[in-house]
Amino acid sequence: MGQRAKLVAANWKMNGNTPDNDRWLRAFRDAPPKCETVVCPPFVYLQQVAAGLAGTAAGVGAQDVSDRALGAWTGEVAAEMLLDSGVTWVILGHSERRASFGHSDAIVAAKMERVVAAGLRPILCVGETLHQREQGLTMAVIAAQLEAVLQRCPAAQLVVGAIAYEPVWAIGTGRTATPAQAQEVHAAIRARIAAHDPHAAAGMRLLYGGSVKPANAAELFSQPDIDGGLIGGASLVAADFLAICAAAAH
Ligand code: PGA
């Protein structure tokens, strides 16, 4: 198994405003975390966050990207535009976008091609619903989500980024996967990538997401195949996000 530095990403979702973001950024700069971090605000705040994080080691990430090339696509934001705005990371395939905005596995794979071509670092989200888990379909669902992408982008190209396992039933519900449940799926994801490329699998950071908070982060991050987290609700409070980063840093 390769050496993988822990990574903690903040997914603000559709939250924030200019003064609150400034306060958050000031708190972050006052106590910069010791682990690698990425902050993913809504599109309109990317430049504010990029400016606020300048001089820190933190990266800036978008929450989505267009699957189209530049041109007449009203409402879309291209990978090149993200790069041009100081963005280096992109979340792809978040379950909220899959479930509510029609992002199929094929669309997520097409977005991934744009991200890789632009030299951005992807955070590819995968995960099962509660119904799928209860039907015993967890790994079948995740395998399909992974394979759709791996068939178009080799694992070696994705290893600059990360894969986030986010069980849909744990997102924003306060119900976290147990460390053992998460570890089991992370190990299976790594094995699936290893079937394509063992070297990429050993280096790939696998993040857990779904109701991570300061109280449960350390135990999740101590699992052998959990290399950090994708943090939603708890990332909106700077002190909580920083506490989660501290749990990843030791
Ligand atoms: P949550 O969201 O931490 O609020 O559960 C995680 C995510 O959806 O990325």
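In this predicted model, Arg190 and Asp227 are joined by a salt bridge in which the closest N and O atoms lie 2.8 Å apart. Arg190 belongs to helix H9, whereas Asp227 sits in the loop between helix H11 (214-221) and strand S8 (228-231), so the contact ties together parts that are 37 residues apart in sequence. Both partners are buried: Arg190 has a relative accessibility of 6%, and the corresponding value for Asp227 is 3%. The pair does not stand alone, since salt bridges that share partners join Arg4, Arg190, Asp225 and Asp227 into one network.

Helix H9, which carries Arg190, contributes a further salt bridge through Arg192, whose side chain meets that of Glu147 with an N to O distance of 3.0 Å. This pair likewise links distant parts of the chain, with Arg192 in helix H9 (residues 179-196) and Glu147 in helix H7 (residues 138-150), 45 residues apart. Here the two partners fall into separate accessibility classes, because Arg192, at 33% relative accessibility, counts as partly exposed, while Glu147, with a relative accessible area of 15%, lies under the 20% limit for burial and is therefore buried. The buried residues of H9 are Pro179, Ala182, Gln183, Val185, His186, Ile189, Arg190 and Ile193, so that Arg190 appears in the list, whereas Arg192 is partly exposed. The length of the helix is as expected from its residue count: at 1.5 Å a residue, the 18 residues of H9 should span 26 Å, and the end C-alpha atoms are indeed 26 Å apart.

Among the 15 salt bridges that the structure holds is also the one between the side chains of Glu128 and Arg133, which meet at 2.7 Å, N to O. Glu128 has a relative accessibility of 0% and therefore counts as buried, whereas Arg133, at 22%, counts as partly exposed.

The loop between H11 and S8, which holds Asp227, also contains Pro224. In contrast to the buried Asp227, Pro224 has a relative accessibility of 53% and so counts as exposed. Pro224 and Gly210 are separated by 14 residues in sequence, and their C-alpha atoms are 18 Å apart in space. Gly210 in turn is one of the residues that lie nearest the centre of the second largest pocket, together with Gly172, Ser211, Gly232 and Gly233. This pocket encloses about 180 Å³ of space and is lined by 17 residues, which by class comprise five nonpolar, nine polar and three charged residues.

The largest pocket has a volume of about 490 Å³. Its lining is made up of 21 residues, and those that lie nearest the centre are Phe43, Gln63, Asp64, Arg97 and Phe101. Helix H4 (residues 95-100) gives the most to this lining, with three residues. By class, the lining of the largest pocket divides into eight nonpolar, seven polar and six charged residues.

Turning to the N-terminal helices, helix H2 (residues 46-53) has six of its eight residues buried, and it is therefore largely enclosed by the rest of the structure. The buried residues are Leu46, Gln48, Val49, Ala50, Gly52 and Leu53, and they pack against two helices and two strands, namely helix H1 (18-30), strand S2 (36-40), strand S3 (59-62) and helix H3 (79-84). Just after H2, Gly55 takes a positive phi of about 90°.

Helix H1, one of the elements against which the buried residues of H2 pack, contains Asn21. With a relative accessibility of 2%, Asn21 counts as buried. When residues up to four places away in sequence are left aside, Asn21 touches Trp12, Gly16, Tyr45 and Gln48, of which Gln48 is itself among the buried residues of H2. By contrast, the C-alpha atoms of Asn21 and Gly71, which are 50 residues apart along the chain, are separated by 31 Å.

How values were computed
Residues are numbered from 1 along each chain as its sequence is written. This is a predicted model: local features need pLDDT of at least 70, side-chain atom pairs count only at pLDDT 80 or more; totals for chains, interfaces and linings use all residues. Side-chain values use heavy atoms; hydrogens and water are left out. A salt bridge is a side-chain nitrogen of Lys or Arg within 4 Å of a carboxyl oxygen of Asp or Glu. Buried means under 20% relative accessible area, exposed over 50%, partly exposed in between (1.4 Å probe, protein chains only). Helices (H or I, at least four residues) and strands (E, at least two) are DSSP runs, numbered from the N terminus. The expected span of a helix is 1.5 Å times one less than its number of residues. On a 1 Å grid over the protein atoms alone, a cavity is a set of points where a 1.4 Å probe fits but cannot get out, and a pocket is an open set with protein on both sides within 12 Å along at least five of seven lines; lining residues have an atom within 4 Å of a point. Grid points are joined across faces, edges and corners, and a volume is the space filled by probe spheres set on the points. Ala, Val, Leu, Ile, Met, Phe, Trp, Tyr, Cys and Pro count as nonpolar, Asp, Glu, Lys and Arg as charged, and the others, Gly among them, as polar. Contact means heavy atoms within 4.5 Å.
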